[in-house]
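Work through the exercises below with the sequence and the coordinates at hand. Each task is followed by a solution in steps.

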Amino acid sequence: MDLGKLIQERIRDIPDYPKPGVMFKDITPLLADHVAFAGVVDSIVNHHGRGTIDKIVGIEARGFILAAPVAYHFGAGFVPVRKKGKLPAATREETYDLEYGNETIEIHSDALEAGERVLIVDDVLATGGTARAAAELVRRCGGDVVGLSVLLELSFLHGRDKLGNLDVHSLVTV
Ligand code: AMP
């Protein structure tokens, strides 16, 4: 089966989660299918080419699950971006707006060497606020953001418009 179709079949819509009005895209059925999971990881790696990336930044929490095997297959290091208060050493932080309120994410200040080529990985690109803040953290740490790879892009929320000329690679767009 075509990978895009398989991904769409394995992502489950959960209405009104975590709050009314949100259609949550649950990727756990995809992760439980080893063919789909491996296809996703291979597709992200193939899009960029081995040896072209130094670090993979994964965004908490589902981004970690995808970013870690991508890092392994690239031969790149893995760097977590986490919600405020979860990383143990000195951090840099970025705050961005959500529909209601705001969110702060952090990266370890010493996570990157100057000039390292970084790919950011997450499960879903929605409004783009999280990805934009993660890209800003990488740049503030001296990294060169070469792209963002996501499993699913919710195009009606126009997240990529917030990301300037960043190479946004989504495996499925709805
Ligand atoms: P945003 O900053 O609006 O692009 O939201 C992206 C982040 O929120 C990602 O880390 C996603 O895991 C999560 N997210 C946003 N909307 C959804 C959704 N409808 N279903 C699942 N995760 C979502």
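The exercises concern a predicted model and cover its ligand site, two buried residues, its salt bridges and its backbone geometry.

**Exercise 1. The ligand site**

Task: Find which residues are closest to the ligand, and list polar atoms of Asp122, Thr127 and Gly128 that lie by its oxygen atoms.

Solution:
- Step 1. The ligand is surrounded by 13 residues, and the closest are Asp122, Asp123, Thr127, Gly128 and Thr130.
- Step 2. Take the side chains. Aspartate 122 places a polar side-chain atom 2.6 Å from a ligand oxygen, and for threonine 127 the corresponding distance is 2.5 Å.
- Step 3. Take the backbone. In glycine 128 a backbone N or O atom lies 2.7 Å from an oxygen atom of the ligand.
- Step 4. On its own the ligand has 490 Å² of accessible area, and the protein covers 83% of it.

**Exercise 2. Aspartate 122**

Task: Locate aspartate 122 in the fold, and determine which side chain of opposite charge is nearest to it.

Solution:
- Step 1. Strand S7, residues 117–125, contains aspartate 122.
- Step 2. The residue is buried and has no salt bridge. Arginine 62 is the nearest side chain of opposite charge, at 6.3 Å. A salt bridge requires a side-chain nitrogen within 4 Å of a carboxyl oxygen, so a pair beyond that cut-off does not count.
- Step 3. Leaving aside residues up to four places away in sequence, aspartate 122 touches Ile59, Gly63, Leu66, Thr130, Ser149, Val150 and Leu151. Thr130 is also among the residues closest to the ligand.

**Exercise 3. Valine 138**

Task: Decide whether valine 138 is buried or exposed, and list what it touches.

Solution:
- Step 1. Valine 138 belongs to helix H5, which spans residues 129–140.
- Step 2. Its relative accessible area is 0%, and buried means under 20%, so valine 138 is buried.
- Step 3. Beyond residues up to four places away in sequence, valine 138 has contacts with Val57, Leu112, Val118, Ile120, Gly143, Asp144 and Val145.
- Step 4. For a distance across the model, take arginine 12: its C-alpha atom is separated from that of valine 138 by 31 Å, with their positions 126 residues apart along the chain.

**Exercise 4. Salt bridges**

Task: State how many salt bridges the structure holds, then describe the pairs aspartate 26 with arginine 12 and glutamate 60 with arginine 82, and a network that includes Glu9.

Solution:
- Step 1. The structure has 13 salt bridges.
- Step 2. Aspartate 26 and arginine 12 form a salt bridge with an N to O distance of 2.7 Å. The pair links distant parts of the chain, with aspartate 26 in strand S2 (residues 23–26) and arginine 12 in strand S1 (residues 12–15), 14 residues apart. Aspartate 26 is buried at 10% relative accessible area, whereas arginine 12 is partly exposed at 43%.
- Step 3. In the salt bridge between glutamate 60 and arginine 82, the closest N and O atoms are 3.2 Å apart. Glutamate 60 sits in the loop between strand S3 (55–59) and helix H4 (62–74), and arginine 82 in strand S4 (residues 77–83), so the bridge ties together parts 22 residues apart in sequence. Glutamate 60 is buried at 14% relative accessibility, and arginine 82 is partly exposed at 23%.
- Step 4. Salt bridges link Glu9, Arg10 and Asp33 in a network. Within it, the side chains of glutamate 9 and arginine 10 meet at 3.6 Å, N to O. Arginine 10 is partly exposed, with a relative accessible area of 26%.

**Exercise 5. Backbone geometry**

Task: Determine where the peptide bonds from tyrosine 17 to proline 18 and from glutamate 60 to alanine 61 lie, and do the same for the positive phi values of aspartate 16 and histidine 158.

Solution:
- Step 1. Begin with the background: most residues other than glycine have a negative phi, and most peptide bonds are trans.
- Step 2. The bond from tyrosine 17 to proline 18 is cis, with omega near 0°. Proline 18 lies in the loop between S1 and S2.
- Step 3. Glutamate 60 and alanine 61 are also joined by a cis peptide bond, with omega about -5°. Alanine 61 is in the loop between S3 and H4.
- Step 4. Aspartate 16 is not a glycine, yet has a positive phi of about 60°. Its place is the loop between S1 and S2.
- Step 5. Histidine 158, likewise not a glycine, has a positive phi of about 55°. Histidine 158 is in the loop between strand S8 (144–153) and strand S9 (168–173).

Notes: Residues are numbered from 1 along each chain as its sequence is written. This is a predicted model: local features need pLDDT of at least 70, side-chain atom pairs count only at pLDDT 80 or more; totals for chains, interfaces and linings use all residues. Side-chain values use heavy atoms; hydrogens and water are left out. Helices (H or I, at least four residues) and strands (E, at least two) are DSSP runs, numbered from the N terminus. Buried means under 20% relative accessible area, exposed over 50%, partly exposed in between (1.4 Å probe, protein chains only). Lys and Arg count as positive and Asp and Glu as negative; His and the chain ends are not counted. Contact means heavy atoms within 4.5 Å. A residue is near a molecule or strand if one of its heavy atoms lies within 4 Å of it. A polar contact is a pair of N or O atoms within 3.5 Å; within protein, one must be able to donate a hydrogen and the other to accept it, and residues adjacent in sequence count only if both atoms are side-chain atoms. Accessible areas come from the Shrake-Rupley method with a 1.4 Å probe; for residues, only the protein chains shown count as cover.
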